[in-house]
Amino acid sequence: MHTTDFTHHPLVKEIIKDLKSKKIHEQTFSDVVDADGHQYVDLVQEGGGVLGIGLLGYTYVMEQMGIRFYSLAGTSAGAINTMMMAAVGEVEEAKSEKILHYLCNKDLFDFVDGSGYVRSFMNLMLKNSKLANMLGGVMGVAYMIYLAFRGKNYLNPGDDFHDWIKNVLRENKLIHSKQLDEKIAGFQKKVFQVDSDSRKRIGQTSKAKLIMIASDITTQTKVSFPAFKDMYWGELEINPADYVRASMSIPFFFKPLELKVPQDEAAKKEWYRKTKYKINDELWPESVKLVDGGLLSNFPINMLHTDKPKPSRPTFGAKLGKDRVAPNNTSGIMKFCLSMLNTSSFIYDYDFVLKNDDYEHLIAYINTDEFNWLDFKMSDERKVKLFIRGAEAAAKFLNEFDWKAYQALRVDLYANR
């Protein structure tokens, strides 16, 4: 595949043409800009396996309208895109086409790097959904029991993905965590805040944030990387690909990222400061297991929330489908377990949105109804279709979003609290 298979598709070109005919690219979406006139928003991207291709359709359209992304947050597939958006260029550059380049040169089924049996079983399930529904429950449970007796708790080691994201970062001169920290810190130097009405420069904006969520099931901790880096690695310089590897570790599907945690008093104090985790030294864990952040927070929009009544830039959110549009199917052990996982992964974030009415004006929903989030053998045609769904969601959102009205809503909401 080529990036143009996505970006030059007639439907995508028509979306861009329509938005420009409405002069959407000339509208105001933020009070944070750069010298070239790009407008900056914060971006939160939801997790959802291979559905993350839809996120690229969303960001591509946004970038074509002159919007750039400042603070970034995401989980699992959203964390992958978050890291890529931070890594593959400078803050003022459009990133989506560069990310598409890496996607087009990777066979996603390589990420299924378990035994031959695992790959054959995945092939079978993806080729025949009816057969998968019949056999998936029985064979899935049987294989999990088999793995348990072998002392394993995963189907795929996740090494192929880990190596791939390391190579992507290496090509973009990001090998150590310190390099990533310095790059994110540098965002602030290239942007400035303007007055909402006059559009005259009035000063510097706040520092950019980078957030990738993982779940520490050993200490029951919602982990935010890179902020929690010292808790898990101390002062060691690590490859920032480890952050993403932790966030995308789908339970049972991928091997958890297991880390030996620092044992010194300074590290323990850091644990308590950030998480209030404090137990006696005899019970302090030597190592922890990190799994998919979606277990606790699949759409971490609360992490970029600002308490300022009138924010200088909005926090846009891209979700892979809508939640609670139909009751979960809880029949059978596999569907019952999936229903529990789905509930735990979204209710924390949804509860935050319920308590903050303004967020319904910030979130775009990408229609992913007919797509399987574990379809690592997705055809090229369906990848393009999923990209188009993301582009359509972005276009719909941009046509409806009103920055001045949103700021007024925020002021009103905070005045009545």
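This text leads the reader through the structure, from its overall form to individual residues.

The structure is a predicted model. The protein is built from 15 helices and 13 strands. Its C-alpha atoms occupy a box of roughly 70 × 55 × 45 Å along the principal axes. One way to judge the overall form is the radius of gyration. A compact globule of 417 residues would have a value near 22 Å, and the protein has 22 Å, which agrees.

The interior and the surface can be considered next. Of the 417 residues, 53% count as buried. The accessible surface amounts to about 19800 Å², and carbon and sulfur atoms contribute 52% of that area. The chain also meets itself across long stretches of sequence: among contacts with a separation of 6 or more, 77% join residues 24 or more positions apart. As for charge, there are 55 positive and 54 negative side chains, and the centres of these two sets lie 0 Å apart.

With this general picture in mind, the reader may turn to single residues, beginning with Ala 77. This residue belongs to helix α4, which covers residues 77–87. Is Ala 77 buried or exposed? Its relative accessible area is 7%, and a residue is called buried when this value is under 20%, so Ala 77 is buried. Which residues touch Ala 77, apart from its neighbours within four places in sequence? They are Glu 46, Gly 47, Gly 48, Gly 49, Gly 52 and Leu 55. A further relation appears between Ala 77 and Ile 301: these residues are 224 positions apart in sequence, and their C-alpha atoms are 15 Å apart in space.

Helix α12, formed by residues 265–275, contains Lys 268. The side chain of a lysine counts as positive, and in this model Lys 268 is buried, with a relative accessible area of 12%. Leaving aside neighbours within four places in sequence, Lys 268 is in contact with Gln 263, Asp 281 and Trp 284.

Trp 284 leads to the aromatic residues, for which a search of the whole structure finds 24 pairs. In one of these, the ring centres of Trp 271 and Trp 284 are 6.0 Å apart and the planes meet at 85°, so the pair is edge-to-face. The two partners are 13 residues apart and link distant parts of the chain: Trp 271 is in helix α12, whereas Trp 284 is in the loop between α12 and β11 (287–292). Trp 271 is buried at 1% relative accessibility, and Trp 284 is buried at 7%.

Another aromatic pair has a tilted arrangement. Phe 401 and Tyr 406 are 6.0 Å apart from centre to centre, with 40° between the planes. Phe 401 is buried, with a relative accessible area of 7%, and Tyr 406 counts as buried at 4%. Both residues belong to one aromatic cluster, which also includes Phe 29, Phe 316, Phe 397 and Trp 403.

The backbone also has features that deserve attention. Which form does the peptide bond from Phe 225 to Pro 226 take, cis or trans? It is cis, with omega near 5°. Pro 226 is found in the loop that runs between β8 (221–225) and α10 (229–233).

Two residues show a positive phi value although neither is glycine. For Lys 23, phi is near 60°. This residue lies in the loop between α2 (10–21) and β1 (32–33), and its relative accessibility of 47% makes it partly exposed. For Gln 220, phi is likewise near 60°. Gln 220 is placed in the loop between β7 (210–216) and β8, and it is exposed, with a relative accessible area of 74%.

The last residue on this route is Lys 189, in the loop between α9 (177–186) and β5 (192–194). Lys 189 counts as exposed at 73% relative accessibility, whereas Lys 268 is buried at 12%. Along the chain, Lys 189 and Asp 402 are 213 residues apart, and 27 Å separates their C-alpha atoms.

Notes. Residues are numbered from 1 along each chain as its sequence is written. This is a predicted model: local features need pLDDT of at least 70, side-chain atom pairs count only at pLDDT 80 or more; totals for chains, interfaces and linings use all residues. Side-chain values use heavy atoms; hydrogens and water are left out. Helices (H or I, at least four residues) and strands (E, at least two) are DSSP runs, numbered from the N terminus. The radius of gyration is taken over C-alpha atoms; the globule rule is 2.2 Å times the number of residues to the power 0.38. Buried means under 20% relative accessible area, exposed over 50%, partly exposed in between (1.4 Å probe, protein chains only). Contact means heavy atoms within 4.5 Å. Accessible areas come from the Shrake-Rupley method with a 1.4 Å probe; for residues, only the protein chains shown count as cover. The place of a charge is taken as NZ of Lys, CZ of Arg, CG of Asp or CD of Glu. Rings of Phe, Tyr and Trp (its six-membered ring) pair if their centres lie within 6.5 Å; planes under 30 degrees apart count as stacked, over 60 as edge-to-face and the rest as tilted.
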